Each structure stands twice: as C-alpha cells, then as structure tokens.
Amino acid sequence: MSDVEFIEIPEGLIRILKNSKKVVALTGAGVSAESGVAVFRGAKDALFSKYKPEEIATPEAFRKNPGLVWEWYEMRRKKLKEVKPNPGHYALAKMEKIIDDFYIITQNVDGLHRQAGSEKVIELHGNIMNNKCFQNNHHIGELPLSDEVPPKCPICGSYIRPDVVWFGEYLDPDKIALAEKLTEQCEVFFSIGTSSVVYPAAGLIPLAKECGATVVEINPEQTEKSYCPDYIFRYPSGKVLPYIVEKLLNSTGS
Ligand code: BV8
C-alpha cells in the first residue's frame with residue numbers, strides 16, 4: 001500500500017458521530033499491524049505462517065506439546081516488548097475523550113490500547129502478559145524462577161500457560177455479555193483491523209447492523225463481514241483514524 005496522502009472522510013459520517021453518545025470499536029490484529037505486531041492470517045509475516053491459529057492456540061496443542069506452545073508465546077511476548085502503540089491506537093484513545101460513551105472491544109491480547117491511554121477496553125481474548133496454571137486457573141503474578149519449559153504452578157504443580165482464550169475455550173461470560181449489550185445499544189459500530197472470522201467476536205458486527213447502528217469497516221482488505229458496513233475505508237487504520245478524529249474535533253455544529 002503506497003503511502004496515503006489524504007483520506008476523504010464523508011461529512012455524513014462525521015455528522016452521525018457528532019450526534020452519537022454511544023460508540024463501539026471492535027478491533028483485531030490489524031489495528032496493531034502498524035506497530036509491527038504480526039497479524040494472524042494472510043500477511044507473509046503472519047504469526048501463524050508456520051502453524052494455523054486453530055492448531056497452536058488450543059488446549060489440545062498445549063497438552064500435546066506444552067514446550068512448543070509456551071515458547072511461541074514467549075517469542076510473541078519478547079517481540080511485544082519492542083513495540084509501541086501506533087497513531088490508530090492513539091486516535092481511538094482520543095475518541096474515548098471526545099465521545100460520551102466510547103468502548104473498545106478488542107480481540108487483541110497485546111495490551112496496546114491501554115498503553116495508548118484507552119481505559120474502557122474489553123479484552124475479549126485476555127492479555128498475553130498474564131499467566132495462569134493449566135489445571136486450576138491459579139493466577140500467576142510473577143513467573144517462578146525455573147529452567148522448566150513451561151514453568152510449573154507453585155500452588156498445584158501443573159504447567160503455567162498464558163492467560164488468553166484459546167480456540168475451543170469459552171470467553172469470560174461477563175465480558176461477552178457486556179460486549180453484546182454495548183453492541184446492541186451503540187449508535188456507531190467500528191470494525192477495525194479484523195478479518196472477522198473468529199467467533200463470537202465476529203458475530204458482533206452483524207449484531208450491530210441488526211440493532212440499527214451505523215457500521216464502519218476500516219481494513220485495507222475485504223473481510224467476511226464486508227456486507228454489513230455503511231462506510232468502508234480500505235486503508236490502514238493508523239492512517240484513517242487520526243483523520244476521523246481530526247474531522248470530529250474541527251467540525252462545528254451538529
Ligand atoms: C468459543 C487469543 C465456545 C490467543 C484468539 C461459530 C462459527 C464457526 C466457528 C466457531 C463459532 N463459534 C465458535 C467457533 C470456534 C472458534 C472460531 O471462531 N473459529 C474460527 C477460526 C472459525 N471460536 C472459539 O473457539 C472461541 N471460543 O466460541 O467458545 C465454543 C467452545 C467450544 C467449541 C465451540 C465453541 C474462542 C476464540 C478465541 C481464540 N483466541 N486469540 C492468541 O492470541 O494467541 S483468536 C485470534 O484471532 C486473535 O485474538 C485475533 O485477534 C483473532 C481474530 O483475528 P483478527 O484479529 O481478525 O486477525 P487476522 O490476522 O485474522 O486479520 C487481521 C486483519 O487486519 C486482516 O483483515 C487485515 O486485512 C487487516 N489489516 C492488516 N493491516 C491492517 C489491517 N487493518 C487495518 N489497518 C492495518 N494497518
């Protein structure tokens with residue numbers, strides 16, 4: 001994608017946003033792509049180029065080869081230490097200040113929304129920096145000093161795993177219930193940087209549409225839910241979002 005000089009933001013969308021109190025942004029791996037975090041599917045440097053997501057981010061994969069799965073997460077955590085939020089994250093943090101009731105529902109586990117200053121963030125799939133034990137979900141604060149890979153839970157001795165939601169695992173019921181409620185009640189629903197193939201997160205997009213929200217998709221590529229949006233921006237989110245915030249701040253009247 002050549003460097004984008006200017007992106008036209010329709011006046012109609014700005015007017016709707018100006019008059020909206022409840023806005024939701026669903027984000028996926030694409031919102032972190034410009035921070036240098038590899039996406040899950042598609043791109044050549046996709047995280048799973050060696051394995052399919054559904055093969056390695058699962059309890060079965062961990063049971064079969066705990067060391068491999070643990071090392072894969074350690075590699076991701078190491079890379080994350082070097083990355084920073086990008087203009088897209090910061091623009092969403094600004095939106096939280098401008099719009100009365102603005103929530104981010106993220107599928108990402110990288111913590112970059114909070115690092116950029118967003119406070120109302122639902123981490124549907126958990127946070128890669130947190131750990132728990134595999135057998136009993138004991139919360140692990142500091143990792144025990146150990147050469148074992150993965151290290152073992154100091155309480156029950158079972159393997160420690162990242163505290164993220166794997167494929168085939170249930171999401172936290174309170175988080176998905178809140179996400180659905182916010183989606184049903186919002187006036188504008190942004191779907192940003194997600195291929196929209198992972199459920200139940202992907203189901204929020206048609207849900208927003210059915211409940212009467214104005215749906216906005218920001219993604220350089222078409223997605224599985226590109227039939228839903230009222231507005232589509234086929235550009236990187238790090239380019240589009242600052243423009244939307246700038247127009248919002250500069251627009252006068254309702
Ligand atoms: C569950 C944490 C109940 C781990 C992740 C209904 C139908 C079909 C299948 C199912 C269904 N319900 C449940 C399932 C099964 C499964 C599922 O959805 N499978 C899919 C693959 C078919 N779901 C589950 O298992 C969920 N659990 O439903 O429990 C249950 C229980 C048992 C049996 C059945 C049901 C749990 C899902 C959570 C999995 N965990 N992550 C980790 O991170 O290691 S999911 C993983 O995928 C990440 O969280 C990631 O965020 C997420 C979604 O991917 P995307 O974010 O969309 O990323 P992707 O790379 O795909 O796309 C990036 C996009 O960005 C692209 O479109 C690209 O064009 C765009 N992009 C690139 N650059 C930019 C950009 N956009 C903007 N700007 C840019 N610069």
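Guide: Let's start with an idea we will need: a polar contact is a pair of N or O atoms within 3.5 Å. Keep in mind as we go that this is a predicted model.

Visitor: Happy to. Which ligand atom does the backbone of Gln-107 approach, and at what distance?

Guide: The partner is an oxygen atom of the ligand, 2.8 Å from a backbone N or O atom of Gln-107. That distance falls within the 3.5 Å cut-off. Two further backbone cases are worth a look. Glu-169 places a backbone N or O atom 2.7 Å from a ligand nitrogen atom, and Gly-193 has one 3.3 Å from a ligand oxygen atom.

Visitor: How much of the ligand's surface does the protein bury?

Guide: Here you compare the ligand taken alone with the ligand in place. Alone, the ligand exposes 1500 Å², and the protein buries 78% of that.

Visitor: And how many residues surround the ligand, and which are the closest?

Guide: The shell holds 36 residues, with Phe-40, Arg-41, Tyr-73, Arg-76 and Ser-195 as the closest. By type, the shell divides into 19 nonpolar, 11 polar and six charged residues.

Visitor: Which helix gives the most to that shell?

Guide: That is helix 4, residues 66-81, which contributes three residues.

Visitor: Let's turn to helix packing. At what angle do helix 5 and helix 9 pack?

Guide: For a helix pair, read the angle and the distance between axes together. Helix 5 (residues 87-98) and helix 9 (residues 237-250) pack at about 30°, and their axes are 7 Å apart. Helix 5 is therefore roughly parallel to helix 9, since angles under 35 degrees count that way.

Visitor: Is the crossing left-handed or right-handed?

Guide: Helix 5 passes helix 9 in a left-handed crossing.

Visitor: Now the backbone. Which peptide bonds here are cis?

Guide: The general background is that most peptide bonds are trans. In this model, the bond from Val-149 to Pro-150 is cis, with omega near -10°. Pro-150 sits in the loop between strand 5 (139-140) and strand 6 (160-164). Another cis bond joins Tyr-199 and Pro-200, where omega is about 0°. Pro-200 belongs to the loop between strand 7 (188-192) and helix 8 (204-210).

Visitor: What about phi: is the value at Asn-137 positive or negative?

Guide: As a rule, most residues other than glycine have a negative phi. Asn-137, though not a glycine, has a positive phi, near 55°. You will find Asn-137 in the loop between strand 4 (126-133) and strand 5.

Notes
Residues numbered from 1 in each chain as written. Predicted model: local features only at pLDDT ≥ 70, side-chain atom pairs only at ≥ 80, totals over all residues. Heavy atoms only, no water. Near = heavy atom within 4 Å. Polar contact = N/O pair within 3.5 Å; in protein donor to acceptor, adjacent residues only side chain to side chain. Areas by Shrake-Rupley, 256 points an atom, 1.4 Å probe, with all protein chains shown as cover. Helix = DSSP H or I, 4+ residues; strand = E, 2+ residues; numbered from the N terminus. Nonpolar A, V, L, I, M, F, W, Y, C, P; charged D, E, K, R; others polar. Axes fitted to C-alpha atoms, helices over the stretch in contact; angles between N-to-C directions. Parallel < 35°, antiparallel > 145°, perpendicular 65-115°, else oblique. Left-handed = near helix turned anticlockwise from the far one by under 90°.
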